[in-house]
Amino acid sequence: MDQRDVLIRTIIGEAANEGPEGWAAVANVIRNRANDPRWPDQPGAVALQPQQFSAWNSGAGGNDLVRRYKPSDPIYQRVGTVVDQVMSGGPDNTGGATHYYSPRGMDALVSEGCSQTACPGGCSKKPNGVAEIPSPLAG
C-alpha cells in the first residue's frame, strides 16, 4: 500500500457513511498530525499507528472496510478525490484538530476494555464529534 491508498482505506474505515465533509475531516486530522512533531511526519505512518485509527484495529472498533474496496470502486475513487484535495493543501474543516471521536465507537471501546474513557486524551466533547484535546503546543 502506498501513502494515498492507506489514507483512502483509513477514511473509508473511519467515515464511509459520512460523505465528503466527514472524509475531509478525517483526512485533515491525519494531515494535522503529520505536521505535528508528536506524530510521524508521513500521513500513511500516522494512519497506521497502533490504536490510533480504530478501523485498522484487529479487535474492538476494527472493521473490514479497510480491506474491502478496490481502487476501481466508486467510494474508493470519491474518497481519493477528497484525499488529493486535502493533501495538496485544501482547506481544513477541523480548525487544526489532531483528534476526533465517535461517541458510539468510543463507548464500544470502553465496554470491551480497550479504553478507559469515552473521550480520548482528556478532551472536552463538542456536538460535531470533534474533540478538543489539550495540546502542549498551544501557547
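How exposed or buried is Asp84? In this predicted model, Asp84 is partly exposed, with a relative accessible area of 36%. The legends below describe close-up views of this residue and of other parts of the structure.

**View 1. The salt bridge between Arg4 and Asp84.** The closest N and O atoms of Arg4 and Asp84 are 2.8 Å apart. This pair links distant parts of the chain: Arg4 lies in helix α1 (residues 3-15) and Asp84 in helix α5 (residues 74-87), 80 residues apart. Arg4 has a relative accessible area of 37% and is partly exposed; Asp84, at 36%, is likewise classed as partly exposed. The pair belongs to a set of three salt bridges found in a search of the whole structure.

**View 2. The salt bridge between Asp5 and Arg9 within helix α1.** Asp5 and Arg9 approach each other with their closest N and O atoms 3.0 Å apart. Because the two residues are four residues apart in helix α1, about one helical turn separates them. Asp5 is buried, its relative accessible area being 10%. Arg9 also counts as buried, at 11% relative accessibility. For a residue to be classed as buried, this value must be under 20%.

**View 3. The salt bridge between Asp36 and Arg38.** Here the side chains of Asp36 and Arg38 meet at 2.8 Å, N to O. Asp36 counts as buried, with 7% relative accessibility, whereas Arg38 counts as partly exposed, at 35%. Side chains of opposite charge can pair when their charged atoms come close.

**View 4. Helix α2 and its surroundings.** Helix α2 spans residues 19-34, a total of 16 residues. From its first C-alpha to its last, α2 reaches 23 Å, close to the 22 Å expected at 1.5 Å a residue. Of its 16 residues, 13 are buried, so α2 is largely enclosed by the rest of the structure.

**View 5. The crossing of helices α1 and α2.** The axes of α1 and α2 come within 10 Å and cross at roughly 125°. The two helices are therefore oblique to each other, and their crossing is right-handed. On the α1 side, the contact is made by Leu7, Thr10, Ile11, Glu14 and Ala15. On the α2 side, the contributing residues are Gly19, Gly22, Trp23, Val26, Ala27 and Ile30.

Terms used:
Residues numbered from 1 in each chain as written. Predicted model: local features only at pLDDT ≥ 70, side-chain atom pairs only at ≥ 80, totals over all residues. Heavy atoms only, no water. Expected span 1.5 Å × (residues − 1). Buried < 20%, exposed > 50% of the residue type's maximum accessible area, 1.4 Å probe, protein only. Salt bridge = Lys/Arg side-chain N within 4 Å of Asp/Glu carboxyl O. Axes fitted to C-alpha atoms, helices over the stretch in contact; angles between N-to-C directions. Parallel < 35°, antiparallel > 145°, perpendicular 65-115°, else oblique. Left-handed = near helix turned anticlockwise from the far one by under 90°. Contact = heavy atoms within 4.5 Å.
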